[in-house]
Amino acid sequence: MTSAPPSAPPDATFESLGLKPQLVEALTSLGYEEPTPIQHASLPPLLAGKDLLGIAATGTGKTAAFALPLLHHLTPGKARPHTTSALVLVPTRELAMQVSEAIHRYGQKLGATVLPLYGGQVIGQQLRVLKRGVDVVVATPGRALDHLRRGTLQLDHVQTVVLDEADEMLDMGFADDLEAILSGTPEDRQTALFSATLPPRIASIAERHLRQPVRVRIAKEKVEPGELPRIQQTAFVVPRAFKIAALGRLLDVESPTAAIIFCRTRTEVDDLTVSLNGRGWRAHALHGGMTQEQRDRVIKQLKSHGTDLLVATDVAARGLDIPRLSHVVNFDVPNAPEAYVHRIGRTGRAGREGVAITLVEPREHRLLRNIEKVTGQRIQVATVPTVADLRAKRQELLRATLREVLVAGGQDSFRSLVEDLAGEFEPLDIAAAAVKLLQDAQDEGRAKEEEEIPAVAPLQERKDRPGRPTGPGGRPSGRPERGSGPRRPQQGSWDTTRLWIGAGRQAGIRPADLVGAIAGEAGLDSSRIGAIQITDAFSLVEVPEPDANRVIAALKAATIRGRKVLIRKDRT
Ligand code: AMP
């Protein structure tokens, strides 16, 4: 079914792969230094017009892997009214937004127009843009189908179709919608299918809808035991908005001798360096956009100073040898396990123990599991130290410092000063004031890290899959909608509560309507929504227990498919 990919040389750059100069420019301005492995493998066949079956998870750079060739083949502005040249189908509204933003960023210099289409969005704006014609549509299957049926979106001129996170789309019950949409596109289109896993259902879709696809799966070479030095590896699950605060907290608690903090792009390196310096750290940037002289200066400084932080991209840090590195921090999970191995191998040299810290965004858990498979080592998932932990750690350091001074002696010249004050104040209060002065001096210039960072549940793929749905009375209640059943949450394991919603198949309810309403009205990230089951008369949805009441309140005030619905906790 599949054919061998046209191969790219190992040191291929975006430019040498033949991408249009406007795309290369866009990538340079975004700070991308080199293709990730999935891009390296997918770009040549997709640029050559072949169909592709890519097995890749979020975080590997798969969006650019399909977006760049799609944009490369476009003639922007060509789309006629109600038509599009490229259609990307994604499972959720968040992904529709993310992917269309990414395509917009990559295609800006080409002048490509992109439109996200998802449920819950005001339709007027969508209709206006569709009427003019748009180069790329990024849609959830349900919403795409709505527009196809209304005739507001026509697919006869589509050149490229991408199915992104295809396994998720099937889990969400979109199999029939996908078939209907694909059957409305031209036979000679180019099709790319990306999926994190390759269950038989995906293989069968690929078999039917892809023409001799090139199959791309990044071969993971297992690292030999002993190849990795002794390194304590810990990951912290942190929402994106709290990553810098979390990093500051971890640096405070860990007090590294010297550390490299890795980011994915030049832009991230520059931004993070500025943030860290603004928070009182002394951080230096190192990336491929700097001259050799600038880089040499940074490395010299790092080698000669006491405590320093180097913020770097993978490319810039390649071949760098800094013997006293105590910590490697992955501000972003690297796009491939191999990069993780290279990064953390920079600490723990010469028999010394090193520490590797990785900040993981909730959606990226699969990358972490892939890394564990390659290294054969476990990465412990921990929660970011709280403000109380930080205070305790500071006190512990102060206590140790004071103890050293007391043991070493030599403070006689200060005794008379204390004796003077002792006439007026209690000796204990005088000592406490001196300690406070010391603490204030140590904190000078440091941002007060008093912000609490939300703890995200430790990552763990859920294995339990509920059986037949039961109605409010506990009786089995009809066949669930085909394909609508268990939906894997992408993030974490948590206590879940099942909600009963008084509308089902007869009311035209589909999984996407429930996900759209819960994510849109209650603001619950769709990755936190669990199994969805739809029967003729009602639906059941699993949500995290702590969010259940909020979701109930939000949905009581909202409408689903244009109607008010009853909603409560399921009593079974
Ligand atoms: P994705 O797997 O598509 O969700 O991408 C994960 C992240 O990697 C996104 O933040 C991208 O901006 C970033 N990314 C994608 N390609 C590259 C690249 N070649 N170099 C650096 N970062 C990249």
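The largest nonpolar core of this predicted model holds 55 residues, of which Leu 89 and Leu 163 touch the most other members. Such a core is a set of buried Ala, Val, Leu, Ile, Met, Phe, Trp, Tyr and Cys residues joined through side-chain atoms within 4.5 Å, buried meaning under 20% relative accessible area with a 1.4 Å probe, protein chains only. Domain 1 (2–217) and domain 4 (488–569) each supply at least three of its residues, with bounds from an automatic or database domain assignment. Leaving aside residues up to four places away in sequence, Leu 163 touches Leu 89, Met 169, Leu 178, Leu 182, Ala 192, Leu 193, Phe 194 and Ile 205 (contact: heavy atoms within 4.5 Å). A second, separate core of 43 residues includes Leu 23, Leu 70, Val 90 and Val 162.

Turning to the ligand, 15 residues surround it (a heavy atom within 4 Å), and Tyr 32, Gln 39, Gly 59, Gly 61 and Thr 63 come nearest. Domain 1 (2–217) and domain 2 (231–385) each contribute at least three residues to this shell. Polar contacts (N or O pairs within 3.5 Å) link ligand oxygen atoms to a polar backbone atom of Thr 60 at 3.0 Å, a backbone N or O atom of Lys 62 at 3.3 Å and a polar side-chain atom of Arg 264 at 3.5 Å. The protein buries 83% of the 490 Å² that the ligand exposes when taken alone (Shrake-Rupley method, 1.4 Å probe).

Residues are numbered from 1 along each chain as its sequence is written. Local features need pLDDT of at least 70 and side-chain atom pairs pLDDT 80 or more, whereas totals for chains, interfaces and linings use all residues, and side-chain values use heavy atoms, without hydrogens and water.

Terms used: Buried < 20%, exposed > 50% of the residue type's maximum accessible area, 1.4 Å probe, protein only. Polar contact = N/O pair within 3.5 Å; in protein donor to acceptor, adjacent residues only side chain to side chain.
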